[in-house]
Amino acid sequence: MEKDANVTVSLVPASELLSQTILTVFDTVHAAKAVIIQDANFQQFAIYLEMVTVVLKELANLKIEDSERLKIAVANLNREIKVAKQLTVECGKRNKIYLLVNCQRISKDLECITKEISRVLGLIPDISFNINDKISKLRKDMLDSKYQATAVEEEILEKIETGIRERNVDKSYANNLLLCIAEAAGISTEQSVLKRELEEFKSEIEDVNLREDSAEALKMGKIVALLAKADAATSPEEKEIKYFNQRNSLGMQRLEPLHAFYCSITHDVMVDPVETSSGQTFERSAIEKWIAEGNKLCPLTATPLDMSALRPNKILRQSIEEWKDRNTMIMLASLKPALHSNDEQEVLQSLGKLHDLCIERELHREWVMMEEYCPILIGLLGAKNREIRKLSLVILCILAKDSNGNKERIARVNNAIESIVRSLARQIGESKLALQLLLELSRSNLVRDFIGNVQGCIFLLVTISSGDDTQAAKDAKELLENLSFLDQNVIQMARANYFKPLLRLLSSGPVNAKMTVAATLSEIELTDNNKLSLFEDGALQPLLVLLSHSDMEMKKVAVKALYNLSSVPQNGLRMIREGAAGPLFELLYRHSLSSPSLRGEVAVIIMHLAISTTTLEADQMHVSLLESEEDIFKLFSLISLTGPDIQQIILRTFHAMCQSHSGLDIRTKLRQLSSVRVLVQLCEFDNHTVRANAVKLFCCLTEDGEDSTFLEHVSQRYIETLIRIIKTSDNVEEIAGAMSIISNLPKEAHITQWLLDAGALQIIFTCLTDGNSSASYKRQLIENAVGALCRFTVSTNQNWQKEVAKCGFFPILLQFLDSGTALTKRNAAVSLKQFSESSNGLSQPVKKHGAFWCCLASRETGCRVHLGICTVESSFCLLEANAVEPLVRVLVEPDVGACEASLDALLTLIDGERLQNGSKVLSEVNAIVPIIRLLSSSCTKLQEKALKALERIFRLIDFKQKYGNLAQMPLVDITQRGHGGMKSLAAKVLAHLDVLHEQSSYF
């Protein structure tokens, strides 16, 4: 035949042989690159063949004369390439599992083919140095080549060998092996795909067995048997049919073990029987212990033992397993009635047996599922006995771990998930078992739907996730994470204050999911802590992206969410810092905005941002909402273009900004923008909410003492409007604001007269004598009312003072000196000081009578300070009003303003010629000591006033002697550390006290 082949070759031109071979190589390379199993080896082989192609093409290009040696070499090469092509094509078509389990043989075959091609290349005669050199290098590389299975493939083959060697491997081993094969071979892990691949593998093995009766075919049969134990090999229906056919053929009588099953050493049924060199079988652990104790003879035959010759008795072991399986099937069938017993102990014992069977073997768990124990176990979750419920949960969890199929069968039992969730809410031990079971069930995508739909389940899980039990909290979080694949579950979690999945969805979910999440954030009730944590964990930026989107629906959901979240000042500041104000103002000013409610929500968010700028944090960070005059004008102008709902929000926004660190600048710009005129008009609105907020903002603008703006716009009509508001409003804040305006308005005589004409004094009196005036929410009103009273007590208009005195304000002022706030005390002292300034001129001289008059009536005495006839109503005398002692008590108040006003009032008693008498009164009420202490005050102005007063008082010898020593140290301190003229004044006082000479350098 070889001779005939050579004759045939001799008849074919070399060029044609070369062309045929090149085409064959090309086809083989193409086939090699398509092989999946052993792909690295076949890729390397393809590289060698491509190099062979280069050599063959160069030979063809030389157009050499026909050479018999060359033609024979090329023909042999063509034959070997065809062998390689057959292998590569076969590896590309065959079943992937078959190829993987034969990967070592395939590697060996490929290596032999490579070396044979290298040998044939050596037959090509010397034609050209360049070609010969290439052939030489290529042959060397091909001869040195080594093809091996990958580490993963070798590991899989080792597992297969172990499985075949250990005949009792279980389903889980086969499942794991099949998954490893699928991953290595690029097979989908879907059960249907795996089942199809296994059937193809089995079919190919059968074809091999028909063609050849070899040891390799026998080994393939064992591999088929091993993989047949995997779940994918048999459908659940086929397994159940096989099980029940076997179980029904057994009857109900348990079989006793055969004598051969017992170990003669332990006298127990063997688990791992091994055969010794004596031919006897023992339990492995028992015979090993026998030998380890120094026994060298067989326990039964007394023949010497070969310690290294212990062989597993696989046939006996299989028989024992079959006997155990038979009795287990019978036991499983017999346990069911016991689980329905009314005897709790019987139920517990039966559950214990069932539990032990489930732990013992995976096959037993498979049978338990087939026997439909799940509905029984779910039913037992409603038992009164806690131990029954707990053991039922443990067994269900063991069953659920085996497969997704088991999980789904448990979940489909009527009320299964509901019953498990009820256990989740019970005592901690049972709750943790229920949690573990739910966690295991949640690893099935189908079951997750059931769990999330049970009312209260997610709420319980969120509660457990923040509990003290570390493991339970971890399991609950993992379970929540498993359930978060459904948007509706994520929303339920958010309603239970668990936001992590929601934030993830908001950040990276699809657009429709983001909108759903944003809508959820707008609907749920959130605590301030929740709102803070949401922003801290990243909710703001995704919402700002939605807010800036061109789609109006996205803007709407973002606005609604921010409306809910922006009410916390820290969140408002974060929004300002991260640029939320721009898109919000753009939306607020949009003329085409058709939804009034949306504009209102945007306005409220902006108001929240404004309120956030009033915090200490904003002050420290210098965060402002509006800065330019144009921005302020644009927002304020919107008041005239919108309805009451938006108007009152904008007014509140400006009121907040006026309280911020940039409030002075805002107030100044508002006054410059003629806002006062607008606010005056709004104060006459019928809408009480708008009016109240206009009053509050107007009040803010009056705090800085810039009178010119208000003189231009405040009319008598406006004064009457303020009085009417105070009389008729039921809003305490509005009344306090109106009263503050009265207090702060320019102290022009005509404005004060308008107030008197409108009945302001009666209104102030009512506010101060109201029975609820001590309530905390009225403090501001009282402060403002007492402040407003100051404008009517100025000493330049004694008629107004008389009106005030006639109305009975003196007792009220004294009351507030003792019980008012610091501001109230200060304003009360100011009024008393202004009253006292008029007392000297209003005090009436004491009438002189003859000697006869002395006999008829007691002699009339004058005021000790004013030396005339004084009354509260006629001369506003502080002594007659008993105001001196309350004023002295205010001197020791910590508030500098109240203290200074009180000092001013007391010093009116020593003005001018009243120094001697007034000083006596101050001494009698112990006022001079507090005045001396004011020399050490941190307030320079207060120090200076006290110093001036003492300079006059110490001109009097009695007081110098009585109080001089007490004043010396503070005075010396002022001379050393005081400011400006205070040093020389203090030195002057020290000279009065004879401490310094009048020629001292301090003067």
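Two strands count as paired if DSSP finds at least two bridges between them, and the exercises below apply this and similar rules to a predicted model.

**Exercise 1. Work out how strand 1 and strand 3 are paired, and which strands lie at the edges of their sheet.**

Step 1. Strand 1, residues 273-275, pairs with strand 3 in the antiparallel sense over 2 bridges, and within this pairing E275 stands opposite R311 of strand 3.

Step 2. The sheet is an open one of 3 strands in the order 2-1-3, with antiparallel pairing. Its edge strands are strand 2 (281-283) and strand 3 (311-312), each of which pairs on one side only.

Step 3. Helix 13, made up of residues 284-292, lies across strand 1, strand 2 and strand 3, and runs at about 95 degrees to strand 2.

**Exercise 2. Explain why C700 has no bond to the closest cysteine sulfur, and state the number of disulfides in the model.**

Step 1. A disulfide requires two cysteine sulfur atoms within 2.5 Å.

Step 2. The closest cysteine sulfur to that of C700 belongs to C658 and is 5.1 Å away, which is too far for a bond. C700 counts as buried, with a relative accessibility of 2%.

Step 3. C807 is likewise in no disulfide, the nearest cysteine sulfur being that of C767, 13 Å away; C807 is partly exposed, at 24% relative accessible area. The count by this rule is 0 disulfides.

**Exercise 3. Classify the aromatic pair of F765 and F809, and then the pair of F810 and F835, by the angle between the ring planes.**

Step 1. The count of aromatic pairs comes to 8. In the pair of F765 and F809, the distance is 5.4 Å centre to centre and the planes are 85 degrees apart, an edge-to-face arrangement.

Step 2. This pair links distant parts of the chain, since F765 belongs to helix 44 (residues 760-769) and F809 to helix 47 (residues 809-819), 44 residues apart. F765 is partly exposed at 27% relative accessibility, whereas F809 is buried at 1%.

Step 3. The ring centres of F810 and F835 lie 4.7 Å apart with the planes at 40 degrees, so this pair is tilted. The pair again links distant parts of the chain, with F810 in helix 47 and F835 in helix 48 (residues 822-842), 25 residues apart, and both F810 and F835 are buried.

**Exercise 4. Identify the rings over which the charged ends of K336 and R448 sit.**

Step 1. The charged end of K336 sits over the ring of Y373, at 5.7 Å from the ring centre.

Step 2. For R448, the ring is that of F485, whose centre is 5.4 Å from the charged end.

Definitions and conventions: Residues numbered from 1 in each chain as written. Predicted model: local features only at pLDDT ≥ 70, side-chain atom pairs only at ≥ 80, totals over all residues. Heavy atoms only, no water. Buried < 20%, exposed > 50% of the residue type's maximum accessible area, 1.4 Å probe, protein only. Helix = DSSP H or I, 4+ residues; strand = E, 2+ residues; numbered from the N terminus. Contact = heavy atoms within 4.5 Å. Axes fitted to C-alpha atoms, helices over the stretch in contact; angles between N-to-C directions. Phe/Tyr/Trp six-rings, centres within 6.5 Å; stacked < 30°, edge-to-face > 60°. Lys NZ or Arg CZ within 6 Å of the ring centre and 35° of its normal.
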